[in-house]
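The following exercises concern helix packing, contacts with nucleic acid and the relation between chains. Each task is followed by a worked solution.

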Number of protein chains: 2
Amino acid sequence: MMRADARRNRARVLDAAETVLARDGLAASMREIAEVAGVGVGTIYRQFPTKEALYQAIVEDRMRRLADRAGELATAEDPGAAFFEYFTTIVADSTMKKVLVDALAVAGIDAKAGSPDIKGAIETLLTRAQRAGAVRGDVGMEELLALLSAACLAAQHHHWDEGLRTRTLAVVFDGLRPARGEAAHV
Amino acid sequence: MMRADARRNRARVLDAAETVLARDGLAASMREIAEVAGVGVGTIYRQFPTKEALYQAIVEDRMRRLADRAGELATAEDPGAAFFEYFTTIVADSTMKKVLVDALAVAGIDAKAGSPDIKGAIETLLTRAQRAGAVRGDVGMEELLALLSAACLAAQHHHWDEGLRTRTLAVVFDGLRPARGEAAHV
DNA sequence: CTACAATCGGAATGCTTGTTCCGGATGGAC
DNA sequence: GTCCATCCGGAACAAGCATTCCGATTGTAG
């Protein structure tokens, strides 16, 4: 059983790391995280063997939340709206969360072990939206993830404000919609 | 007048820097650039007062080439094709050139001094394509640059191969085209 | 060819980073 | 209250970085 102070400090470290990493991404230093958390650097290393491990813990947590959100939307009445809303949410999120973006970029959303089945969850949203005729049938997961990742990266780097985000995603979404006349895939 | 060996070394440094920075981006170290160039680090500093200055020299050079290319395409017979070709070229380029992408991301394509009028050149391509009815009239420079930068960032980070690039840009381009029925802006 | 200023290489400097270590503090079982 | 395994803080260490400096070298004007 973990001692009470250890558990408390673990929470503080995770909190501080989330804050600092959101701002500085992978470039954040352990010293600063420790300072924000109000603990010594040694305390961090007691819980997380390495900087990467700390990052991974946070990224996995965020991934899990994103996967959960996708799960909720998987049963929405309007699959098209659900799909586009999810896309927008992730991009809006990443404007503020540099870790997530760095993680998407470095480790890759691509199938990294540990991360829950976010890919599967997104695929469900895509398939349902396609069946409902809200998204072209000929876009695959690869292109979708490429577009999603691209939007997240740019939103982060250039600090897209809401207006720019809306207008830019509008173009992408138009490209994702079926050409008029394309039949819904039953 | 510059001594002959100094001029030769300057060229070597620029070459090496282009190579190394293309691979490692801003994370590349001066030592490695010096090694690849076959000179001492001191030699680099004789020509470029700082690491940033060296980067800037290379980025400006690339920007100039991109602006030139845009200039050529500005008088193409098919403004729509010219526009989409230019977009594709830049993205394909950035898959290989990490500096460019870092520069776009960090310094920002956005109006940084020194960089020639690449923004103006792109705007010309856009306007002509819109007049020709190949691009929606309601997309502005801001969204266009956002999309361009997004594609470059993602292409670099995930090493888009040609197939993925083609399919992903196809979606974006579809979003940029006018909805059927939208009139060309004379 | 000579002489000297321009240039060179790379060791040295000073800083930042991730990680380790350990003397001292402390939670909690008895 | 006692006691010890656990945990804490932060100094210390090693590695890497950009940048500076200087004795040795070399282009070139005269």
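Contact here means heavy atoms within 4.5 Å. The model is a predicted one.

**Exercise 1. Determine how α7(B) and α8(B) are oriented and which residues join them.**

Step 1. Helix α7 of chain B covers residues 118-131, and helix α8 of chain B covers residues 141-158. The two pack at an angle of about 105°, with their axes 11 Å apart.

Step 2. Angles of 65 to 115 degrees count as roughly perpendicular. α7(B) and α8(B) are therefore roughly perpendicular to each other.

Step 3. On the α7(B) side, the contact is made by K119(B), I122(B), E123(B) and L126(B). These meet M141(B), L144(B), L145(B) and L148(B) in α8(B).

Step 4. Sorted by class, the contact of α7(B) with α8(B) comprises six nonpolar and two charged residues, with no polar ones.

**Exercise 2. Describe the protein surface near DNA strand C, from its elements down to single atom pairs.**

Step 1. Begin with the elements. In chain A, α2 (30-37) and α3 (41-47) each supply at least two residues of this surface, as do α1 (4-24) and α3 (41-47) in chain B. The most is given by α3(B), with four residues.

Step 2. Classify the residues. The surface near DNA strand C divides into eight nonpolar, eight polar and seven charged residues.

Step 3. Find the nearest residues. Of the 23 residues around DNA strand C, those that come nearest are T50(A), K51(A), R3(B), N9(B) and T43(B). Of the atoms of DNA strand C that come within 4 Å of the protein, 56% belong to sugar and phosphate.

Step 4. Examine the atom pairs with phosphate. An N or O atom in the side chain of T43(B) is 2.2 Å from a phosphate oxygen of DNA strand C. For N9(B), a polar side-chain atom lies 2.5 Å from a phosphate oxygen of the strand.

Step 5. Examine a pair with a base. Here the protein partner is a backbone N or O atom of G42(B), which lies 3.2 Å from a base oxygen of DNA strand C.

**Exercise 3. Identify the operation that lays chain B on chain A, and state what kind of axis it implies.**

Step 1. A turn of 180° with a shift of 0.0 Å along the axis lays chain B on chain A with an RMSD of 0.0 Å.

Step 2. This is therefore the relation of a two-fold axis.

Step 3. Within chain B, G175(B) has the C-alpha nearest the axis, 1.8 Å from it.

Step 4. Both copies use the same surface: 100% of the contact residues of chain B recur in chain A.

Methods. Residues are numbered from 1 along each chain as its sequence is written. Chains are lettered from A and ligands numbered from 1 in the order in which they are written. This is a predicted model: local features need pLDDT of at least 70, side-chain atom pairs count only at pLDDT 80 or more; totals for chains, interfaces and linings use all residues. Side-chain values use heavy atoms; hydrogens and water are left out. Axes are lines fitted to C-alpha atoms, for helices over the stretch in contact, and angles run from 0 to 180 degrees between N-to-C directions. Angles under 35 degrees count as roughly parallel, over 145 as roughly antiparallel, 65 to 115 as roughly perpendicular and the rest as oblique. Ala, Val, Leu, Ile, Met, Phe, Trp, Tyr, Cys and Pro count as nonpolar, Asp, Glu, Lys and Arg as charged, and the others, Gly among them, as polar. A residue is near a molecule or strand if one of its heavy atoms lies within 4 Å of it. A polar contact is a pair of N or O atoms within 3.5 Å; within protein, one must be able to donate a hydrogen and the other to accept it, and residues adjacent in sequence count only if both atoms are side-chain atoms. Copies are superposed by least squares on the C-alpha atoms of residues with pLDDT of at least 70 in both.
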